[in-house]
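Biologist: Please show me the model, and then let me ask how its descriptions are justified.

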Amino acid sequence: MKQNKPKLIIFTGPSGVGKGTILADFFKKVDNNIIYSISNTTRQPRDGEINGMHYFFISKEEFEKMIKDDAFLEYACYSGNYYGTNKKFVSEKLNEGKSVLLEIELQGALQVMEKCPEAVTIFIKPPTFEELEKRLRGRHSESEASILKRLAAAKEELKNADKFSYVIENNVVEKAVDELIEIYNKETK
Ligand code: 5GP
C-alpha cells in the first residue's frame with residue numbers, strides 16, 4: 001500500500017546516544033511503509049553485526065569506486081572510516097511510495113539537507129554529555145582511540161542540533177520512541 005506522503009527522514013545524533021535502540025523498537029511498532037536505509041561502510045563489523053542487515057561492509061577501494069560512480073546520496077569520513085547512503089536505493093523506495101529513514105552522522109545529514117530541503121530532520125540528543133560518555137564506554141564496542149574520536153565528533157554534532165526540525169532527548173527510551181512515532185505519523189499520514 002502506498003503512503004499518503006512518503007518522506008525522506010534524516011535521523012542523526014552522536015555515537016552512543018541510543019539511536020540503534022530507539023530504531024529497533026520504532027521499526028517493531030510502525031507499519032511497513034517506512035524503510036531503513038542500509039549504509040555502506042569501510043569499518044570492520046562488530047560482533048553480531050550482519051553484512052546486508054546492519055551495513056554493507058565493503059573495502060576502501062570499493063567505497064572509493066562508488067564515490068567515483070556517484071553512487072552516494074551523501075557520504076562522510078567518520079572516526080577513520082567511510083560511511084555512505086546508496087542514492088539508487090533511496091530514490092527507488094521513495095518512488096515506490098515508501099518513506100526512507102537515514103540513520104547518519106552530522107556531516108552526511110547536512111549534505112542531505114542541502115540536496116533535499118524537503119527531508120524531515122530529527123536530532124537525538126543525550127540528557128548530558130557525561131551521560132553520553134558513560135553510554136559509549138558502557139557499550140564496550142570501541143577501542144579507547146575510537147571512543148575519544150567519537151566524543152570529539154559528538155561535541156561538534158551537539159552544537160548543530162538546532163539545525164534540525166525536531167530534537168528528541170533520549171532520557172527514557174520508550175518516551176523517545178513514542179516521540180519518534182508521533183513525528184512519523186504527523187509527517188507522513
Ligand atoms: P557506527 O560505527 O557506530 O555504526 O556509526 C558511526 C556513525 O556513522 C553513527 O553516527 C551512524 O549514524 C553514522 N552512519 C551510519 N551510516 C551512515 C551513512 O551512510 N552516512 C553517514 N554520513 N553516516 C552514517
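Modeller: What follows is a set of questions and answers on the ligand, the pocket and two loop residues of this predicted model.

Biologist: What makes Tyr 55 a polar contact of the ligand?

Modeller: An N or O atom in the side chain of Tyr 55 is 2.5 Å from an oxygen atom of the ligand. A polar contact is a pair of N or O atoms within 3.5 Å, so the pair qualifies.

Biologist: Which atoms of the ligand do Tyr 83 and Glu 74 face?

Modeller: Tyr 83 has a polar side-chain atom 2.5 Å from an oxygen atom of the ligand. For Glu 74, a polar side-chain atom lies 2.8 Å from a nitrogen atom of the ligand. Both pairs therefore count under the 3.5 Å cut-off.

Biologist: How much of the ligand does the protein bury?

Modeller: The protein buries 96% of the 510 Å² that the ligand exposes when taken alone.

Biologist: What surrounds the ligand?

Modeller: The shell has 17 residues, and the closest are Ser 39, Arg 43, Tyr 55, Tyr 83 and Glu 105. By kind, the shell divides into 7 charged, 5 polar and 5 nonpolar residues.

Biologist: How do you know that the ligand sits in a pocket?

Modeller: The ligand takes the space of the largest pocket. A molecule is said to sit in a pocket if more than half of its atoms lie within 2 Å of the grid points, so the ligand meets that test. The elements giving two or more residues to the shell around the ligand are strand 5 (72-78) and strand 6 (81-86).

Biologist: How much space is in the largest pocket, and what lines it?

Modeller: The largest pocket holds about 990 Å³ of space. Its lining has 38 residues, of which Gly 20, Tyr 36, Arg 46, Tyr 55 and Glu 103 are the closest to the centre. Helix 1 (19-29) gives the largest share of the lining, 6 residues. Strand 5, strand 6 and helix 6 (144-159) each supply at least two. The lining divides into 13 nonpolar, 13 polar and 12 charged residues.

Biologist: Why are Asp 70 and Ser 79 singled out by phi?

Modeller: Most residues other than glycine have a negative phi. Asp 70 has a positive phi, near 60°, and lies in the loop between helix 2 (60-68) and strand 5. Ser 79 also has a positive phi, near 50°, and is found in the loop between strand 5 and strand 6.

Notes
Residues numbered from 1 in each chain as written. Predicted model: local features only at pLDDT ≥ 70, side-chain atom pairs only at ≥ 80, totals over all residues. Heavy atoms only, no water. Near = heavy atom within 4 Å. Polar contact = N/O pair within 3.5 Å; in protein donor to acceptor, adjacent residues only side chain to side chain. Areas by Shrake-Rupley, 256 points an atom, 1.4 Å probe, with all protein chains shown as cover. 1 Å grid on protein atoms, 1.4 Å probe; cavity = no way out; pocket = protein on both sides within 12 Å on 5 of 7 lines; lining within 4 Å. Helix = DSSP H or I, 4+ residues; strand = E, 2+ residues; numbered from the N terminus. Nonpolar A, V, L, I, M, F, W, Y, C, P; charged D, E, K, R; others polar. Points joined across faces, edges and corners; volume = space filled by probe spheres on them.
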